[in-house]
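Here are some short questions on how the terms used for a structure are earned. Each answer sets a value against a rule.

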Amino acid sequence: MDTYYHPKDLAHFADLGKGNPALWEKFQAYYGAVFAPGALTEREKSLIALAVAHAVQCPYCIDAYTQASLEKGSNIEEMTEAVHVACAIRGGASLVHGVQMRNAATKISM
Amino acid sequence: MPVQTRSLKARGEALSSAAEQVRLLQSGGGFPRFEETLARASLDPLGATGIAVFQINVGKLCNQTCRHCHVDAGPDRTESMSRETAEMCMAALARSDIPTVDITGGAPELNPSFRYLVVESRRLGRHVMDRCNLSVLLLPAQADLAAFLAGHAVEIVASLPSVAPSQTDAQRGAGVFGKSIAALRVLNDLGYGREGSGLVLNLVTNPVGAFLPPSQESQEEHFRSRLARDHGVVFNRLYTITNMPISRFLEFLLESGNYEGYMRRLVDAFNPAAARSVMCRSMLSVGWDGRLYDCDFNQMLELALGPGVPAHVRDFDPASLGARRIVTGNHCYGCTAGAGSSCGGTTT
């Protein structure tokens, strides 16, 4: 069955560099620096990445950062909580726009 | 996938045969042979640099049936070192100046000669390590075991894969996390893991699945804070160890469809610096029947020592054995991936 997403495509991510090596290298350098230990640990950064992967719904990122989170020492409970954080922010973001809806409704209502 | 509570051998599985495991591991699958990879890193042939650790595997009897066990140990296994072989081990040790004796199994404490090995090794002035599964300390028949270990200043190297009860139980059996914490408290009460006591308590974590271990340093910090906060437990060091693709972990890899992906992960993560420091270069492994091996993994795969050196502990010769050529295979990718893996944690 043909699908838009193929798990094996993740291994070909670097092929994007073929179109513009200079930009790819800049991205790689930036990406590497972002995930290096800093004020946050690599484990914490992987959990954030896992949560963001769910927020942006990137299946490649979910695969990659599920493995990365486990390999950085996180466990399923922690990873599930990270996904709930993404869920809460996504849901909350929709809900908070309800204020806009209420404002708009108030404006045009008697 | 159901959690098995019996060994591969008791279930009559083909993988209980060492030859079958070796056949599978060496049958290609598109992976370069380990020896080719070593050669590309200018490390073939791999030679011993001496013997710093005399590791004695006293047998396969264990009170647990962990899913990743490379020994295929369990309550149904009967292989056990005899007193005669234990005495041969101590005679061999006395003929050498090897500083450390590392006793493993199975649950080594269940062997009738375990305490003899500890007492005699200490009498010879050697440092002794006990590879302890923790729950064994709670068995009624072993009520005095923790005090015995403390009394002989035995270093305890204890398995605890995760600070999450669900993950520990998934790998080591239902209820093992709770028992492990109870046993750690017993050890802490004796002074183990506490500063100034001289009683060393090190923990070992293996990944609970088909992935590589985390950074040892960061994981140690994580374990230290979580075990202290949640359970009031302290320890000295944490070792991260990579799961070897043999025995029951190999069974898990095959049944879960992770074999190729895991092997690819190990091969891609080959680290020449880790390979230069693999534990087999500085240790010798003695089997329950006295046969000698380069490491516990080669022992389980029944990969005998190379030619020209004694094959049995009765013929122990530290000079030739300390300069032997190491026997390798594709399972060795497990010790050379990433930061490296040994019985003492990372190798880089």
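Q: What makes residues of chain A and chain B count as in contact?
A: Contact means heavy atoms within 4.5 Å. In this predicted model, 10 residues of chain A meet that rule with 14 residues of chain B. These residues therefore count as in contact.

Q: How do you know what area chain A and chain B bury between them?
A: Interface size is often given as the accessible area lost when the parts come together. Buried area is that loss, summed over both parts. For chain A and chain B the sum is about 930 Å². Carbon and sulfur atoms carry 44% of it.

Q: Which three residues supply 49% of the area that chain A buries against chain B?
A: They are L70(A), E71(A) and N75(A). No other three residues supply more.

Q: Why are strand 6 and strand 8 of chain B called edge strands?
A: The sheet is open, with eight strands in the order 6-5-4-3-2-1-7-8 and mixed pairing. Strand 6 (237–240) and strand 8 (292–293) of chain B each pair on one side only. So they are its edge strands.

Q: What makes strand 5 and strand 6 of chain B a pair?
A: A pair needs at least two bridges. Four bridges join strand 5 (residues 201–205) to strand 6 of chain B, so the rule is met. The two strands run parallel. Within the pair, N202(B) stands opposite R237(B).

Q: Which strands does helix 4 of chain B touch as it packs on the sheet?
A: Helix 4 (residues 114–123) touches strand 1 (53–57), strand 2 (100–104) and strand 3 (127–132) of chain B. Its direction makes about 155° with that of strand 3 of chain B.

Q: What makes a space a cavity?
A: A 1.4 Å probe fits there but cannot get out. Five cavities of 30 Å³ or more pass this rule. The largest holds about 560 Å³ of space. Of its 30 lining residues, H68(B), H70(B), T104(B), S159(B) and R172(B) are closest to the centre. Strand 3, strand 4 (155–159) and helix 12 (296–300) of chain B each give two or more residues to this lining. The lining divides into 14 nonpolar, 12 polar and four charged residues.

Q: Why is the space that K60(B) helps to line called a pocket?
A: A pocket is an open set of points, so the word marks it off from a cavity. This one is the second largest pocket, with about 340 Å³ of space. Of its 23 lining residues, K60(B), R77(B), Q299(B), M300(B) and E302(B) lie nearest its centre. Helix 1 (18–26) and helix 12 of chain B each give two or more residues to the lining.

Conventions: Residues are numbered from 1 along each chain as its sequence is written. Chains are lettered from A and ligands numbered from 1 in the order in which they are written. This is a predicted model: local features need pLDDT of at least 70, side-chain atom pairs count only at pLDDT 80 or more; totals for chains, interfaces and linings use all residues. Side-chain values use heavy atoms; hydrogens and water are left out. Axes are lines fitted to C-alpha atoms, for helices over the stretch in contact, and angles run from 0 to 180 degrees between N-to-C directions. On a 1 Å grid over the protein atoms alone, a cavity is a set of points where a 1.4 Å probe fits but cannot get out, and a pocket is an open set with protein on both sides within 12 Å along at least five of seven lines; lining residues have an atom within 4 Å of a point. Grid points are joined across faces, edges and corners, and a volume is the space filled by probe spheres set on the points. Ala, Val, Leu, Ile, Met, Phe, Trp, Tyr, Cys and Pro count as nonpolar, Asp, Glu, Lys and Arg as charged, and the others, Gly among them, as polar. Buried area is the accessible area (1.4 Å probe) that two parts lose on being put together, summed over both.
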